[in-house]
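Okay, thanks for coming, everyone. Let me put the structure up, and then I'll walk you through a few spots.

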Amino acid sequence: MDAKKTAIYDSHVKLGGNIVEYAGWALPSDFTGLVDEHNAVRNDVGIFDVSHMGEFFITGPDTLKFCNYVLSNDVNKVDNGQCQYTILLNEEGGVVDDLLLFKYSDEKVLWVPNGGNTPKDFDWIQARKDGFDVELENASAKYSEVALQGPKSKELLQKVVDYNLDELEYFHFVDDVDFDGKKVLISRTGYTGELGYEIYCAWDDGPAIWDKLVELGAKPCGLGCRDTLRFEASMPLYGNEMDEDKSPLEAGLKFAIDFNKDDFIGKAPLQKKLDEGLKRKLIGLELTGKGIPRHGYKVLKDGKEIGEVTTGYLAPTVGKPIANVIIDVDEAVIGNEVEVQIRKRTVPAVIISKRFLQKK
């Protein structure tokens, strides 16, 4: 397998992880099975190696001005020590990537983009920095990152850090925390619908931090349940619910676009879509016949194609075959009976809310 390895790779192999290639990285799909790991995160505590995620530092006098030009959300609304979900848009209003922004100060922010998009994203912003007094650093190779997720994550993490985690609010972060003698950044954003923390550390410290948390009882988890967990919790995934051709408005991400701020890349075409009315919408679907709705399957109404599945599973916590679908807005009505094309047959389904699981 010609894929990049995280610093924690050897630990995954020792634990019997099933290694697959994902976004150019060799990562575990699972260790003991998707459902087992999914349930551990919902009921106890699981740990994920997410070191493939990127880290960009934007620094300089024009940091906030630059961020507000290339990103959809308004960084001026973010306090120091706070995180923000935001979108990197192209000139047509499509999604280059979605990411988390961590604000240190008016002259320093950290971006955490998706791992598979990191080189593309950095080239994109480098090409658009002219006229801004900013320095851009792709620091992705310097950091390991693990995500500790589940109702018992705070209790477990508190055993090894010198910071009172009761003080860390949702969508906030704290830097220079002592973790068993190592300096780490801890954020509380989560991607599972459960209480959770992300631990950013020096690249070479990743294995020791992973091993320590596993030793304390965190269940090793792979990419498989990371996807089912975020899906049940209505969290979007780049490449599924949105991409350069799928509008963030269609994906239900208007909350992350601030049309009140000055001009930003992609603003005009998105405003035009809003003014004209959206043609498609992301909504939930449940199969009422036998089968599992998978990414890319067509959604039909009276034999006519009205959209497609963006993510679908027999969801472990919900216990039903459900999906996110982007379909014609007129058909996106809860209770509407439709069909899903599964190979050579059509299976009956019904449109439901995409709030499959109440986030905690």
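So, Cys 225 first: this residue is buried, at 0% relative accessible area, where buried means under 20% relative accessible area, exposed is over 50%, and partly exposed is in between, with a 1.4 Å probe and protein chains only. Before I go on, this is a predicted model, so local features need pLDDT of at least 70 and side-chain atom pairs count only at pLDDT 80 or more, while totals for chains, interfaces and linings use all residues. Residues are numbered from 1 along each chain as its sequence is written, and side-chain values use heavy atoms, with hydrogens and water left out.

How many disulfides does the structure hold? Zero, taking a disulfide as a pair of cysteine sulfur atoms within 2.5 Å. For Cys 225, the nearest cysteine sulfur belongs to Cys 221, 4.2 Å away. Cys 67 isn't in a disulfide either, and its nearest cysteine sulfur, on Cys 83, is 14 Å off. Cys 67 counts as buried too, at 1% relative accessibility.

Back to Cys 225, which is one of the buried residues of helix α7. That helix covers residues 223-232, and 10 of its 10 residues are buried. Helices here are DSSP runs of H or I with at least four residues, strands are runs of E with at least two, and both are numbered from the N terminus. What covers α7? The list includes β2, β3, α2, β4, β17 and β18, with contact meaning heavy atoms within 4.5 Å. Just after the helix, Ser 234 has a positive phi of about 65 degrees.

Now, β4 also sits in an open six-stranded sheet with mixed pairing, in the order β11-β12-β13-β10-β4-β14. Strands pair if DSSP finds at least two bridges between them. The edges are β11 and β14, each pairing on one side only. β4 and β10 run antiparallel over four bridges, and Gly 46 stands opposite Gln 149 in β10.

Last stop, the largest pocket. It's lined by 45 residues, with Tyr 85, Asp 98, Tyr 191, Met 235 and Pro 236 nearest its centre. On a 1 Å grid over the protein atoms alone, a pocket is an open set of points where a 1.4 Å probe fits, with protein on both sides within 12 Å along at least five of seven lines, and lining residues have an atom within 4 Å of a point. Among the elements giving two or more residues to that lining are α7 and β10, so there's our helix again.
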